Amino acid sequence: MCPADNLQFSRTSNYIAMLQSITFEVRINGGMVGMMKIAVLVKQVPDTWSDRKIDPGTKRVDRSKDQVIDEINEKAVEVALQVKEAQDAEVVVVTMGPSSAQDGLRKMLAMGADSGIHIVDDAFGGSDAMQTSAALAAALKDKGFDLVVAGNESTDGRTAAVPAMLAERLGLAQLTFLRTLEVKNGVATGERLLPNGNATVSAALPALVSVTEQIAEARYPNFKGILAAKKKPIESIALSGLGIDASQAGGANSWSVVETVTPKPPREGGTIIKDDGTAGQQLADYLAKANLI
Amino acid sequence: MTQVLVLVETADGAPVAATAEQFAAAAILGEPAAVVVGKDASKAAGALGKLGAVKVYAADGDFDARLVTPQVAALAAAVEAAKPSAVIVGSGPDAREAGARLAVRVGGAYQSDVIGISKDALVTQQAFGGAFTVTASGKGVQVISLREHSIEGSAPAAAGELVKLDISGDSTPFAKIESKQTEATASERPSLQAADIVVSGGRGLGSKEKFALMEELADTLGAALGASRAAVDAGYCEHNMQVGQTGTTVSPNLYIAVGISGAIQHLAGMQSSKTIVAINKDPNVPIFDIADFGIVGDLFQVVPQFIEAVKVRKNG
Ligand SMILES: Cc1cc2nc3c(=O)[nH]c(=O)nc-3n(C[C@H](O)[C@H](O)[C@H](O)COP(=O)(O)OP(=O)(O)OC[C@H]3O[C@@H](n4cnc5c(N)ncnc54)[C@H](O)[C@@H]3O)c2cc1C
């Protein structure tokens, strides 16, 4: 066990100060002692290849079909597995979602994660980023994780807020939007993608990381992995197990409230020409006529 | 009137270009006030007054090595002092994440990638790449991350009264910024979200060397340069040029897709462009289903001829 394992994430600054001094010791001792514990946040989303919809009645994303683990989450699991291969680590995949999200967790277990945590309760339906991060924080806070890894942004909501919110709630240093990651001697270092370049950032563990799609290509589960996944434990946690009051949970109590949803009519196709040797010229004429150049 | 805070980002001490638009957005909801952090934060007060800040909450100090947490601390202190109804932040990763953490710290809705704001504090957002338009309200102190180039106009100049904040006691754990590498190629070209015209190249360009044709096309039109994920993955260009589901969302007046098939995830980042032009040698690719003007042909024939034709028009 690493010394930090015995401590629990907390929002109080006393605890944070303690965590900082403890992890500092880990560093000067020259590395993590024993097994590191990594949580990877994963989420099922409507497949980006499918015709994704918002249900006009509930004003929520239609999750009735074509559910897959978001590609970015497979990459996040891959990164955690690479850390596990480089040093002793336990990888726990964590999701919040309906009962069907179990399938997604199993796939991540087949890739090589050790166990799963499934936050599942009808009361959570329609949660926004604030509520999702609160539920995840409640599920993770007493479990002594050294590293929490997430995707930078889901393909359904594209809010890109849950990792930062979770760092805030757990009092963890955040290293987010990373396109590279190295975890060594109890310190995480990586390149944060910026609109005009990147920044090298680092923090002592415990810390929270979010990764961008350049971070790694996810491995495919092999047959052995798929068989092994069937026996790996998945812990289910309901609302009551998280200590969250029902009056705070779900779409009826969300901070952000969707008022209207309007589908855009599909775009009509236009003029298609085959190049007869003058298409470049014709394009210039077309755009000039439309005052676009 | 209640104050509406704007988290001001600076480059070399001066507010970045998007600041004016953020003040315009704040003015829709109330009285704009600025929150600014850094070595010369207070010195920006004059400039921020001109942009519309009634008050300027400034946290002076060298916080450059801390990722996001100083901005959150300053915003939280300003929320405490100003009791605002809303907070506007930008659309880059730093601003978004500061906003997300603030929502947790002070209790409020976090509204991401907002493209419109109404007087009664409804925000407009897009879902699934513009396939749906959503309006939303928010409880608590609404934290609004504003997409660049989505709101017109500006806020009237104001007093810019300086209010100093002290965030030196902030002990939130943070990641240390060891160094920053900005791209040498950060060129004269407009940014993807700012540009009136965006031209994007795909795998059809074939190589990094041949992708230079796209640069010539962009510069001839004064356009921003984008790319498909396949082009990015193949190393033809930088990651931050990617348009689509997991890249930038653009909606320019004119979008020209060159050697791009039009996979659903690419369309998710550009289908709300006003006019779409596609050049592809395969007549059966999905990009033609949404193109206003499509050319079935070899891009290495069509694009150079087009560039010449545009140059002739410009000079003649
Ligand atoms: C979760 C997820 C997220 C994704 N996010 C994005 C994203 O953000 N952005 C994105 O773009 N993609 C994204 N993709 C990838 C997407 O599915 C496609 O793989 C990608 O868009 C294909 O890029 P392309 O059109 O350049 O390549 P291709 O599909 O290979 O198309 C190349 C085209 O070039 C044409 N061509 C070749 N030579 C010539 C020539 N000489 N003249 C004219 N035409 C020529 C070919 O006919 C072909 O149609 C994502 C995928 C997933 C699963």
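Q: Which helices of chain B each supply at least two residues of the shell around the ligand?
A: That's α6 (229-233), α7 (264-267) and α8 (299-315). Helices here are DSSP runs of H or I with at least four residues, strands are E runs of at least two, and both are numbered from the N terminus.

Q: Before we go on, what kind of model is this?
A: It's a predicted model, where local features need pLDDT of at least 70, side-chain atom pairs count only at pLDDT 80 or more, and totals for chains, interfaces and linings use all residues. As for labels, residues are numbered from 1 along each chain as its sequence is written, chains are lettered from A and ligands numbered from 1 in the order in which they are written, and side-chain values use heavy atoms, with hydrogens and water left out.

Q: OK, back to the ligand. How many residues surround it, and which are the closest?
A: There are 29 around the ligand, and the closest are B:Arg203, B:Ser228, B:Ser261, B:Gln265 and B:Asn280. A residue makes that list if one of its heavy atoms lies within 4 Å of the ligand.

Q: And why is the site called shared?
A: Because the residues around the ligand come from chains A and B.

Q: Which polar atoms sit by the ligand's oxygens?
A: A polar side-chain atom of B:Gln265 is 2.7 Å from a ligand oxygen. The side chain of B:Asn280 also has an N or O atom 2.7 Å from an oxygen of the ligand. With B:Gly247, a polar backbone atom is involved, at 3.4 Å from a ligand oxygen. A polar contact is a pair of N or O atoms within 3.5 Å; within protein, one must be able to donate a hydrogen and the other to accept it, and residues adjacent in sequence count only if both atoms are side-chain atoms.

Q: How much of the ligand does the protein bury?
A: On its own the ligand exposes 990 Å², and 84% of that is buried by the protein. Those areas come from the Shrake-Rupley method with a 1.4 Å probe; for residues, only the protein chains shown count as cover.

Q: Tell me more about B:Asn280. Where is it?
A: B:Asn280 is part of strand β17 of chain B, which covers residues 275-280.

Q: Buried or exposed?
A: Buried, because its relative accessibility is 10%. The cut-offs are under 20% relative accessible area for buried, over 50% for exposed, and partly exposed in between (1.4 Å probe, protein chains only).

Q: What else does the B:Asn280 side chain reach?
A: It reaches the backbone nitrogen of B:Asp282 at 2.9 Å. One of its polar atoms also lies 3.1 Å from the backbone oxygen of B:Ile260. Leaving aside neighbours within four places in sequence, the contacts of B:Asn280 include B:Gly259, B:Ser261, B:Phe288 and B:Gly297. Contact means heavy atoms within 4.5 Å.

Q: Switching to chain A. How many helices and strands are there?
A: Chain A has 8 helices and 13 strands. It has 293 residues, and 52% of them count as buried.

Q: What does A:Thr48 touch, apart from its sequence neighbours?
A: Not counting residues within four places in sequence, A:Thr48 is in contact with A:Thr155, B:Gln245, B:Ile264 and B:Gln265. B:Gln265 is also one of the closest residues to the ligand. A:Thr48 itself is in the loop between β2 (44-46) and β3 (67-69) of chain A, and it counts as buried because its relative accessibility is 13%.

Q: What about A:Asn152, where's that?
A: In the loop between β6 (147-151) and α5 (162-170) of chain A. A:Asn152 counts as buried, at 13% relative accessibility. Among the residues it touches, beyond four places in sequence, are A:Ile72, A:Phe177 and A:Thr212.

Q: Now backbone oddities. Which residues does the cis peptide bond join?
A: A:Leu205 and A:Pro206, with omega at about 5°. A:Pro206 is in the loop between β9 (197-204) and β10 (207-211) of chain A.

Q: And which residues have a positive phi without being glycine?
A: B:Ala121, with a phi of about 65°, and B:Phe128, at about 50°. B:Ala121 is in the loop between β8 (116-117) and β9 (123-127) of chain B, and B:Phe128 is in the loop between β9 and β10 (132-138) of that chain.

Q: How exposed are those two?
A: B:Ala121 is partly exposed at 25% relative accessibility, while B:Phe128 is buried at 8%.
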